[in-house]
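Thanks for coming, everyone. I'll keep this brisk. Please look at the structure first, and then we'll walk through a few places in it.

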Amino acid sequence: MTGALVVVLQAEDNTLRGAPVRIRVADTGSRVVREELIVLGGERTLVLEPGPYTVRAVLPSGLMLDSELTTVTRGATRCVINLDQLAPAPWLTPSAVLSPGITHEYKDYRLGAYATSWARLWAARGTNWQPSSWPNPRVERETSGLRLTFDALGRVPHMIQTGVGTGPWTLTSLPLHDRVHVTVRPVWADGPGLHVTCLTPETGAHALLGYSSTGAARDALAVTQYLAQAESSPTIRPHVLAAALGHHLQAFEPSLQASLLRDILVSTAGTVDGAVIAAWSALEDMRKNGAEQSADTVCELLLRATALGMPTCTLGLRHLLDALRPFAKAQTPHQRATRKALSTCAAFMNAADTRNPFLAFDGIRPDAPGHAGTYPHEHPDDAVPLVAEDWTATLGWPAPSPRQRHSSPGKPPVKSASPIGPRAGQETDDPVRNHFKYGMSLLATGRYEEAVAAFTSVLEADPSHALALASRAAAYRLLGANDEAIRDATRATELDPDLAWAYATRGAIHRLERRYVEALTDLDRAIELQADYDWCIAGRGETYRLMGKTDLALEDLDQALTINPGNDWALMRRAAAYMDDQQDQLSLSAFGEAANATPDGDWALIRPDQTYRRIGKDLTHYTDPMQTEDPEQPPPSA
């Protein structure tokens, strides 16, 4: 005797209709009894033994959503999963379902730190990128996100650039389609930031790219097979679908690969993704058939693809890097050009958000990936504000009164010599918010005493401004005024018990003053609130190191570097932990990583001196007469 379970996935936004999603059906013992693919907006009937089951929707974004316990009887039993519960607004649901997200929570545009959010558009003219006029996309807004819908961008490659405050400028490739939905949501890692995702009506392509980006290989394979069966047209017309299938071509049966490749190359002709797919397919053919004489041809295809620029899909950049590496090592006439191409691709990959299916990286220009320290602190002149006065009411912000428009919080500077300060003659709609932004700019540029004054002015106008208290605490800490920093951080946690930055700042001071138990309490709380807070995780690792718990220290420092491989402070502390554990060769290697991350950093140059001394190496390379003390722990004696 069997019953039927009818599974239905629902979402209000029509953008999701037709999206393939994987589901797993489990019994009460958590044993998976069925794995199936279901199309959103449709339903799937499963024949099961009678009994209670839970259906889990395993989404391309990496999120999972479980149904309530459903009992299957001899008749048909319906199980409905409403995906709209994943987002605060129906139009945010598609990105929550299809786009791999972030590991920390989204924030609120009403926080003053996000008032400077901006965007601008770039367009490719051949191999050159130029700022493009803003096409006035349709905008949908909510306190935790907004969606921009661009129409008629055509087959011209575009990138959207976003930024907030003094944080990094991020560029995200837009898929080539007549309609592109761009979702921009506020986040907080080491400071305010914006998380950008892109979608088109080609939901199958986004599902495939999403599963691949999150490492769900089995689910990606299932979607690949579904799309291969669903595509019956002679040409796969939408570029985003063709590119997604092309980058997964090796997952298809050999009998399908040849016919699909022809259609894919037609649809992606003239694009970087198309050139990468052609080169990768030629490379795979060379590997399978042992056609050594075609190596030069494959290498030329790879160099031609790189000369066109970077692919739209992050997976395309991965394939390009993987394909170039063996040619860069081979002694051929193309070796020098191949090494240069590999170096160019590696620079983009190092700056990229590898979870984003579409190439996204920190940088000033589409052809210049870079790091936060290289960016100007003001937004570009042609940037479009994302948080504008004409829709503050939509977000629930109170309209400033005439009296507020001309008042100032405390005693702001009359005139600033810095380009990051308030502009002369500029009218301030919200003086508290604007002066807080000014304080954050001062803090980010190392002007700590001025930052303290700015945050003090904010707090005189609004004593309950928890973020200003936490920010002033950070400035006090960097000035060495630890008592004042702890006072402000403690008050900030009282006003906002969920403010991770306040706990992290107070924990750092406890560590500096060797109150390690109190430090761990605060750092644990900060990490509980923000699981991917790499600076805080590294700080906890350093606390463990100072307590002599090297294993726990290395575990935390490795985790911090997994989250942010460019965290130079974590690299240094890991090297010190290896030294404490008498692992001299590992310590030396780790110091090398730290020195490469911060070539001008004195600390990374000093500590290898001590490691070399331990293992009896010549010290003549390290003769710079600098102080040789770790600021938090004296170095071991020779």
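Start at Gly 75. This glycine sits in the loop between strand S7, residues 70-72, and strand S8, residues 76-82. Keep in mind that this is a predicted model. Is Gly 75 buried or exposed? Neither, quite: its relative accessibility is 36%, so it counts as partly exposed. Now look at what it touches. Leaving aside residues up to four places away in sequence, Gly 75 is in contact with Gly 3 and Ala 4. Leu 5 is worth finding too. Leu 5 is 70 residues from Gly 75 along the chain, yet their C-alpha atoms are 8.6 Å apart.

Next, a helix. Go to H13, residues 466-479. What span should its 14 residues have? At 1.5 Å a residue, the expected value is 20 Å. The C-alpha atoms at its two ends are 20 Å apart, so the model agrees with the expectation.

How enclosed is H13? Eleven of its 14 residues are buried, so the rest of the structure largely encloses this helix. The cut-off for buried is under 20% relative accessible area. The buried residues run from Ala 466, Leu 467, Ala 468, Leu 469 and Ala 470, through Ser 471 and Arg 472, to Ala 473, Ala 474, Ala 475 and Tyr 476. Note that an arginine, Arg 472, is among them.

What do those buried residues pack against? One strand is on the list: S15, residues 179-188. The helices are H11 (431-444), H12 (448-461), H14 (482-495) and H15 (500-512). After H13 comes Gly 480, with a positive phi, near 85°.

Now the cavities. There are two of 30 Å³ or more. The largest has a volume of about 50 Å³. Which residues line it? They are Leu 98, Ser 99, Thr 197, Cys 198, Leu 199, His 206, Asn 356, Pro 357 and Phe 358. Strand S16, residues 192-199, gives the most to this lining, with three residues. By class, the lining has five nonpolar residues, four polar ones and no charged ones.

Last topic: salt bridges. The structure holds 30 of them. Let's take three.

The first pair is Glu 140 and Arg 138, with N to O at 3.7 Å. Glu 140 is buried, at 18% relative accessible area. Arg 138 is partly exposed, at 44%.

Then Glu 450 and Arg 447. Their closest N and O atoms are 2.8 Å apart. Both partners are partly exposed: Glu 450 has 38% relative accessibility, and Arg 447 has 22%.

The third pair is Asp 524 and Arg 540, also joined by a salt bridge, at 2.8 Å from N to O. Where do the two partners sit? Asp 524 is in helix H16, residues 516-529, and Arg 540 is in helix H17, residues 534-546. The pair therefore ties together parts that are 16 residues apart in sequence. Asp 524 is partly exposed, with 32% relative accessible area. Arg 540 has 15% relative accessibility, so it counts as buried.

Some salt bridges also share partners. One network joins Arg 22, Arg 24, Glu 35, Arg 218 and Asp 219.

That's the tour. Questions, please.

Definitions and conventions
Residues numbered from 1 in each chain as written. Predicted model: local features only at pLDDT ≥ 70, side-chain atom pairs only at ≥ 80, totals over all residues. Heavy atoms only, no water. Helix = DSSP H or I, 4+ residues; strand = E, 2+ residues; numbered from the N terminus. Expected span 1.5 Å × (residues − 1). Buried < 20%, exposed > 50% of the residue type's maximum accessible area, 1.4 Å probe, protein only. Contact = heavy atoms within 4.5 Å. 1 Å grid on protein atoms, 1.4 Å probe; cavity = no way out; pocket = protein on both sides within 12 Å on 5 of 7 lines; lining within 4 Å. Points joined across faces, edges and corners; volume = space filled by probe spheres on them. Nonpolar A, V, L, I, M, F, W, Y, C, P; charged D, E, K, R; others polar. Salt bridge = Lys/Arg side-chain N within 4 Å of Asp/Glu carboxyl O.
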